[in-house]
Amino acid sequence: MGLLNRRCRARGGAGVVLVALLVTAAGCDTLRVQRPLASGAVLAEGGPGAYRHVSTEAPAPPLEEVWRYNAEGAFGPAPALPAPGTVLVATRHGEVHLVDVASGDRIGKRSFGEAIEGAPVLLNGRRLVVPVASGRYGLLAYDLINGQRTWVRRGDPHTAGVLAVGDRLVAAAYDGTVRALDAATGVELWAHRPDSLAAFFATPTLVGGGRVAVADDAGRVTTYALSTGRVVWSATLDAPVHETPAAALDLLVVPTTRGAVVALDASTGAERWRHAADPGVLFASPAATPDAILVGGSDGVLRRLGLDGAVAWTQRFDGNVAAAPLLAGETVYVGTLDERFVALDLGTGREVWSTTLPGRVKSAAVATDGTLIVLAEPRHLHAFRSAEPAPPALSGAAPRQP
């Protein structure tokens, strides 16, 4: 399959079927589909449930690149958003692209005016809620079926992603305000703005029990009751938080910009343990399962930690690890700023496969339908699937001479 930029051109196979079902007569310069992309699901950064950046749909290594797509703009730190058979990707050019996973063809795109840094969410397969980092709109909801905005919230730029829980959204604005909104209407249900100049870069995190945690760049972590906005607990760390924490059982695992990953008790906010590195290390967003935490840093080290904070293994790379890893069964996928994308064995940290990309990887990889999607600078989506096994040698063929 050729590695060409595809501009809404179906090229046979499954891609033809999907594009025919999804794209409307409006053409590819709009973002509009004929049916929901997913049935009744909330699709958001890091995957479903309490554990983030974990996939059951990723291919097994070794991998081969099957297509490459030009998104025509740079990416923020947010990963792409996979839906069955498709993937949505937002850019700093202010656009959201919908791409067919089977073929790499563009199904449609839409400009939302200004840079998109945080991750959008997809509700019920049709309503896309987009955080906008500057300009007139801070948040807006867009209906993929009718191609219309359903509501907008003006001002209050949002550099962080949006959390969707049931019929509610939680958004942390750059000005330090945390809000819960009705997902259908955008009506504000409650809001808090602590008395500080802190800003939010990290997406709110669901920690269970109907509570949501937010972490700001002053190092404060606050947990709110989702239904009422009541503050459940607040903890102050000694370092700013720029990347999204992860929930792991009864822990909230928080990466900081000053050489520490801090695990807080999700019920009380008490510090349970702290993993310390060099004070200058900036930690990326972690990936978490019920028995493992994977987190990389600007020192080029990916660490596997236990839920007690003990180090199981480390793997060092030549480039910084700025994106969350993706956990896929017994495989860990991670990209680096020295343009490598690597698969490691989860149990040992041993490298089992790698490739070099034509750009740095700063966003977490995602997977759907047996396809792994990697965002790499300056503006490309790279799609990988498991490599086809080599054909068997012909019967009776002469052995190769040394």
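# Close-up views of a predicted structure

**View 1. Trp190 counts as buried, because its relative accessibility is 7%, under the limit of 20%.** The model shown here and in the views that follow is predicted. Tyr224 has a relative accessible area of 3%, so this residue is buried as well. A pair of aromatic rings is described by the distance of the centres and the angle of the planes. Two rings are counted as a pair if their centres lie within 6.5 Å, and by this rule there are seven aromatic pairs. For Trp190 and Tyr224, the ring centres are 5.4 Å apart and the planes stand at 35 degrees, so the pair is tilted. Trp190 belongs to strand β14 (residues 188-192) and Tyr224 to strand β17 (residues 220-225); with these positions 34 residues apart in the chain, the pair links distant parts.

**View 2. Trp353 and Phe384 form an edge-to-face aromatic pair.** The distance from centre to centre is 5.9 Å, and the angle between the planes is 75 degrees. Trp353 is part of strand β30 (residues 351-356), whereas Phe384 is part of strand β33 (residues 380-386), so the pair ties together parts that are 31 residues apart in sequence. Trp353 and Phe384 are both buried. These two residues also belong to a cluster, linked by ring pairs, that includes Tyr333 and Phe341.

**View 3. Four strands form an open sheet in the order β27-β28-β29-β30.** Strands of a sheet pair through backbone hydrogen bonds, either parallel or antiparallel. In this sheet the pairing is antiparallel. Strands β27 (326-328) and β30 are the edge strands, since each of them pairs on one side only. From one strand to the next, the twist averages 15 degrees. Strand β27 is joined by three bridges to the antiparallel strand β28 (residues 331-335). Across this pairing, Leu327 stands opposite Val332 in β28.

**View 4. The largest cavity has a volume of about 50 Å³.** In the whole structure, a search finds three cavities of 30 Å³ or more. The residues that line the largest cavity include Gly76, Ala78, Pro79 and Ala80. Val89, Ala90, Ile116, Glu117, Gly118 and Leu375 are also among the lining residues. Grouped by class, the lining has seven nonpolar, two polar and one charged residues.

**View 5. Cis peptide bonds are found before Pro62 and before Pro378.** Most residues other than glycine have a negative phi, and most peptide bonds are trans. The bond from Pro61 to Pro62 is cis, with omega near 0 degrees. Pro62 is placed in the loop between β1 (42-43) and β2 (63-70). The bond that joins Glu377 and Pro378 is likewise cis, and omega is about 0 degrees. Pro378 is located in the loop between β32 (371-376) and β33.

**View 6. Leu249 has a positive phi, and so does Asp369.** The phi of Leu249 is about 55 degrees, although this residue is not a glycine. Leu249 lies in the loop between β19 (246-248) and β20 (251-255). With a relative accessible area of 49%, Leu249 is partly exposed. Asp369, which is not a glycine either, has a phi of about 55 degrees. The loop that holds Asp369 runs between β31 (366-368) and β32. Asp369 counts as partly exposed because its relative accessibility is 44%, a value in between the limits of 20% and 50%.

Methods: Residues numbered from 1 in each chain as written. Predicted model: local features only at pLDDT ≥ 70, side-chain atom pairs only at ≥ 80, totals over all residues. Heavy atoms only, no water. Phe/Tyr/Trp six-rings, centres within 6.5 Å; stacked < 30°, edge-to-face > 60°. Helix = DSSP H or I, 4+ residues; strand = E, 2+ residues; numbered from the N terminus. Buried < 20%, exposed > 50% of the residue type's maximum accessible area, 1.4 Å probe, protein only. Pairing = 2+ DSSP bridges. Axes fitted to C-alpha atoms, helices over the stretch in contact; angles between N-to-C directions. 1 Å grid on protein atoms, 1.4 Å probe; cavity = no way out; pocket = protein on both sides within 12 Å on 5 of 7 lines; lining within 4 Å. Points joined across faces, edges and corners; volume = space filled by probe spheres on them. Nonpolar A, V, L, I, M, F, W, Y, C, P; charged D, E, K, R; others polar.
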